[in-house]
Amino acid sequence: MNVTAAAASLGSGAGQQIGAHNVFVYGSLLADDVVRVLLNRVPQSSPAVLHDFHRFSIKGRVYPAILPVEKKSVTGRVLMGITNPELDILDTFEDVEYDRRDVEVTLVESSKKLRAAAYVWSNSSDPNLYGEWDFKEWTRKHMEDFIKMTAGFIEELELPDSKTRVTTYETFYQKNGNDSPAS
């Protein structure tokens with residue numbers, strides 16, 4: 001079985017045995033350019049929906065958070081064939097703000113259910129969460145700077161005393177004179 005077939009296998013666990021993971025993305029990782037900076041490639045993906053979750057904006061941040069909310073849904077995509085080292089990069093990128101959880105998503109094109117990892121906001125009672133995050137608005141207002149910040153994060157990973165992604169993010173936006181990137 002090839003990596004793509006293993007990643008697409010539904011619930012069998014075969015993909016994880018060879019190091020191929022499915023990851024549901026819903027924010028900045030919807031942008032191929034951000035994924036390319038992080039992973040040095042853009043994996044195969046498929047549009048998907050995560051039911052009973054909501055995508056929030058976060059005060060003072062340009063990226064979103066998701067949390068379980070009944071009767072809501074989040075559109076995104078599933079990155080398929082993510083290797084163990086790539087999953088480690090994504091875990092480091094999502095930092096302490098998110099917990100990686102196993103979720104079930106529905107593929108848009110086939111309505112098939114698929115198990116995937118998703119990064120869920122770790123503080124479910126965060127008062128800074130509000131409204132609905134908008135990818136098109138993010139692309140227009142924040143994507144270019146976010147790609148630069150992400151490239152800086154990847155460069156930091158190679159240093160012996162690398163900074164966390166949250167520190168890299170905060171330093172980047174303060175240095176660029178934008179203390180409130182969500183504006």
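This is a guided tour of one protein chain, moving from the whole fold to two helices and then to charged pairs.

**The whole chain**

Begin with the complete model, which is predicted, and colour it by secondary structure, which brings out 7 helices and 6 strands. Following the sequence from its start, you pass through these elements in the pattern α-α-β-α-β-β-α-β-β-β-α-α-α. If you then switch on a surface, the chain exposes about 9400 Å², of which carbon and sulfur atoms supply 48%. Of the 183 residues, 48% count as buried. Among contacts between residues at least 6 apart in sequence, 70% join residues at least 24 apart, and several of the stops below can be viewed with that figure in mind.

**Helix α7**

Select residues 165-175, which form helix α7, and show the side chains of Arg165, Val166, Thr168, Tyr169, Phe172 and Tyr173, which are buried. Turn the view until you look down the axis of α7: the buried residues fall within an arc of 160°, so they line one face of the helix. Gln174 and Lys175, on the other side of α7, are exposed. To see what covers the buried residues, add α4 (84-94), β4 (98-107) and α6 (143-157), which are among the covering elements.

**Arg165**

Stay in α7 and centre on Arg165. Is this arginine buried or exposed? Arg165 has a relative accessibility of 2% and therefore counts as buried, since the cut-off is under 20%. Leaving aside residues up to four places away in sequence, its neighbours in contact are Tyr63, Thr92, Phe93, Glu94, Asp95, Glu97, Tyr98, Met149 and Phe153. With Glu97, the side chain of Arg165 makes a polar contact of 2.7 Å. Now add Arg61 and Glu170 to the selection, as these two residues are linked with Glu97 and Arg165 in a network of salt bridges.

**Helix α3**

Next select residues 32-39, helix α3, where Val34, Val35, Leu38 and Leu39 are buried. Viewed down the axis of α3, these buried residues fall within an arc of 110°, so they too line one face of their helix. Their cover includes β3 (65-82), α4, α5 (135-141) and α6. Just after α3, look at the backbone of Asn40, whose phi is positive, near 65°.

**Three salt bridges**

Side chains of opposite charge can pair when their charged atoms come close. The chain has 12 salt bridges in total, and three of them make convenient stops.

For the first stop, select Asp32 and Arg77, whose side chains meet in a salt bridge at 2.9 Å, N to O. This pair links distant parts of the chain, with Asp32 in helix α3 and Arg77 in strand β3, 45 residues apart. Asp32 is partly exposed, at a relative accessible area of 34%, whereas Arg77 counts as buried at 11% relative accessibility.

From there, move to Asp91 and Arg100, where the N to O distance of the salt bridge is 2.8 Å. Asp91 counts as partly exposed at 23% relative accessibility, and Arg100 likewise counts as partly exposed at 44%.

Finish at Lys141 and Glu137, whose side chains form a salt bridge of 3.2 Å, N to O. How many residues apart are Lys141 and Glu137? They are 4 residues apart, about one turn of helix α5, in which both lie. Lys141 has a relative accessible area of 42% and is partly exposed; Glu137, at 33% relative accessibility, counts as partly exposed.

Notes: Residues are numbered from 1 along each chain as its sequence is written. This is a predicted model: local features need pLDDT of at least 70, side-chain atom pairs count only at pLDDT 80 or more; totals for chains, interfaces and linings use all residues. Side-chain values use heavy atoms; hydrogens and water are left out. Buried means under 20% relative accessible area, exposed over 50%, partly exposed in between (1.4 Å probe, protein chains only). Helices (H or I, at least four residues) and strands (E, at least two) are DSSP runs, numbered from the N terminus. The arc is that of the directions from the helix axis to the C-beta atoms. Contact means heavy atoms within 4.5 Å. Accessible areas come from the Shrake-Rupley method with a 1.4 Å probe; for residues, only the protein chains shown count as cover. A polar contact is a pair of N or O atoms within 3.5 Å; within protein, one must be able to donate a hydrogen and the other to accept it, and residues adjacent in sequence count only if both atoms are side-chain atoms. A salt bridge is a side-chain nitrogen of Lys or Arg within 4 Å of a carboxyl oxygen of Asp or Glu.
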